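Open the model in your viewer and keep the selection panel at hand. The stops below go from enclosed space to open pockets, then to cores and charged pairs.

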Amino acid sequence: MALLLVSPVLLYAETLRYEASYTGVFSAGEILPIAAVRLDSNNAELLVPEKAIQLTMEVTSAPYPFVERHFPFRVRYRSIYAPRGQQVLALEKYEQTSRLKHEINWVDAGQGKLMRFRPKGKSAGEQLFPAVLQPWLKPGQRFEFHKYARHPVEDGLLDWLSMLQVMREKPLATGQEYVFSVTDGKRLYRYHVRVRKKQQIEAGGKKQLAWKLRFDAVEEGKREPAHRPLYVWLADDAGRTPLLFENRHPLGRFVVRLSAVQ
């Protein structure tokens, strides 16, 4: 991992690679690799008054013939956030399965809301696509304004990727808890993150000490959990590299394990 020091904010430039696997009723109890995952962090070239970080997660079934034959998928989540204010500035969701879903969100500071853009908007020409996000589009591709998100942009609002990055910079101790406001571009969630314990795990081809974190979420205005608990292990070192992700579902166990650091 390469670290770039830009006073007074520490910005990351790194590439992490993972393998995602499933174990459960659909794999007869065997570990079935299902996807390759890549997580990139680097400086964002934005015309904003403070430094920003761009985070990108790409998930693909391409390396795994069985999954590629029966349920091929390509997923990309991307966000830009300002570390100093711990504030999301933009986020993108791209999902290609049997159908394509693609939207880009940008924080309209004046309105205090998220602007949602899609290839075909509802209000073409009403709001222009942000020029600073043009590199997110393919040559000749156009996105049009769709609508504003229902919830306001709160101070400290994050998306899932920037929340993970913020947790990598927090002091960790057993029993410590953090609370975040997190958006997916449409809904607002309250995330509770609890530091469970420090333990030795195997990831990246070696055993190492890591902090086990539990992520729980509730959607704003609702009482039931938004999803089952997600567990994340961060390396017990200065970089706090995410080593392992685990989610247990009634139909099986999903694990994303670090395979390489570039």
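A cavity here is a set of grid points where a 1.4 Å probe fits but cannot get out. The model on screen is predicted, and it holds 1 cavity of 30 Å³ or more. The volume of the largest cavity is about 50 Å³.

**Stop 1: the cavity**

Select Leu39, Ser41, Leu55, Leu161, Leu164, Gln165 and Arg168, which form the lining of the largest cavity. Then colour by element: β3 and α2 (160-168) each give at least two residues to this lining. The largest share, 4 residues, belongs to α2. Sorted by class, the cavity lining has 4 nonpolar, 2 polar and 1 charged residues.

**Stop 2: Thr56 and its contacts**

Select Thr56 next, in strand β4 (residues 53-60). Is Thr56 buried or exposed? With a relative accessibility of 9%, Thr56 counts as buried, because the cut-off for buried is under 20%. Beyond its neighbours within four places in sequence, Thr56 has contacts with Arg38, Leu39, Asp40, Arg76, Tyr77, Arg78 and Leu161. Two of these contacts, Leu39 and Leu161, also appear in the lining of the largest cavity.

Keep Arg38 and Asp40 on display. They form a salt bridge, with 2.7 Å between the closest N and O atoms. Asp40 is buried at 10% relative accessible area, whereas Arg38 is partly exposed at 29%.

Arg78, another contact of Thr56, leads on to Glu92: the side chains of Arg78 and Glu92 meet in a salt bridge at 2.8 Å, N to O. This pair links distant parts of the chain, with Arg78 in strand β5 (residues 74-82) and Glu92 in strand β6 (residues 87-96), 14 residues apart. Arg78 is buried, with a relative accessible area of 12%, and Glu92 is buried as well, at 1%.

**Stop 3: the largest pocket**

Show the pocket surface now. The largest pocket contains about 1,700 Å³ of space. Its lining counts 45 residues, and Met57, Val59, Val75, Tyr77 and Val256 are the ones nearest its centre. Tyr77 was already met as a contact of Thr56. Which element gives the largest share of this lining? Strand β3 (residues 32-43) does, with 5 residues. By class, the lining divides into 31 nonpolar, 6 polar and 8 charged residues.

**Stop 4: the second largest pocket**

The second largest pocket holds about 280 Å³ of space. Select its lining: Lys93, Glu95, Lys101, His102, Glu103, Arg116, Arg118, Lys147, Tyr148, Ala149, Arg150 and Lys186. Two or more of these residues come from each of β6, β7 (100-108), β8 (113-118) and β9 (144-152). The largest share, 4 residues, is from β9. In this lining 2 residues are nonpolar, 1 is polar and 9 are charged.

Within that selection, highlight Lys93, Glu103, Arg116 and Arg118, which are linked in a network of salt bridges. Side chains of opposite charge can pair when their charged atoms come close.

**Stop 5: the nonpolar cores**

In soluble globular proteins, nonpolar side chains tend to be buried together. The largest nonpolar core here has 48 residues, and those with the most contacts inside it are Met163, Met167, Phe180, Tyr191, Leu213 and Phe215. Centre the view on Met163: leaving out residues up to four places away in sequence, Met163 touches Leu158, Phe180, Val182, Tyr191, Val193 and Phe215. A second, separate core has 16 residues, among them Ala52, Ala90, Ile104 and Phe117.

**Stop 6: Ala203**

Move to Ala203, in strand β11 (residues 188-203). Ala203 is buried, at 1% relative accessible area. What does Ala203 touch, residues up to four places away in sequence not counted? The answer is Gln208, Leu243, Arg257 and Leu258. For a distance check, pick the C-alpha atoms of Ala203 and Val153: the two residues are 50 apart in sequence and 37 Å apart in space.

**Stop 7: a last salt bridge**

Finish with Glu219 and Lys222, a salt bridge whose closest N and O atoms are 3.5 Å apart. Glu219 is buried, with 15% relative accessible area, and Lys222 is partly exposed, with 44%. To see the full set, display every salt bridge: the count is 19.

Terms used. Residues are numbered from 1 along each chain as its sequence is written. This is a predicted model: local features need pLDDT of at least 70, side-chain atom pairs count only at pLDDT 80 or more; totals for chains, interfaces and linings use all residues. Side-chain values use heavy atoms; hydrogens and water are left out. A salt bridge is a side-chain nitrogen of Lys or Arg within 4 Å of a carboxyl oxygen of Asp or Glu. Buried means under 20% relative accessible area, exposed over 50%, partly exposed in between (1.4 Å probe, protein chains only). Contact means heavy atoms within 4.5 Å. A nonpolar core is a set of buried Ala, Val, Leu, Ile, Met, Phe, Trp, Tyr and Cys residues joined through side-chain atoms within 4.5 Å. On a 1 Å grid over the protein atoms alone, a cavity is a set of points where a 1.4 Å probe fits but cannot get out, and a pocket is an open set with protein on both sides within 12 Å along at least five of seven lines; lining residues have an atom within 4 Å of a point. Grid points are joined across faces, edges and corners, and a volume is the space filled by probe spheres set on the points. Ala, Val, Leu, Ile, Met, Phe, Trp, Tyr, Cys and Pro count as nonpolar, Asp, Glu, Lys and Arg as charged, and the others, Gly among them, as polar.
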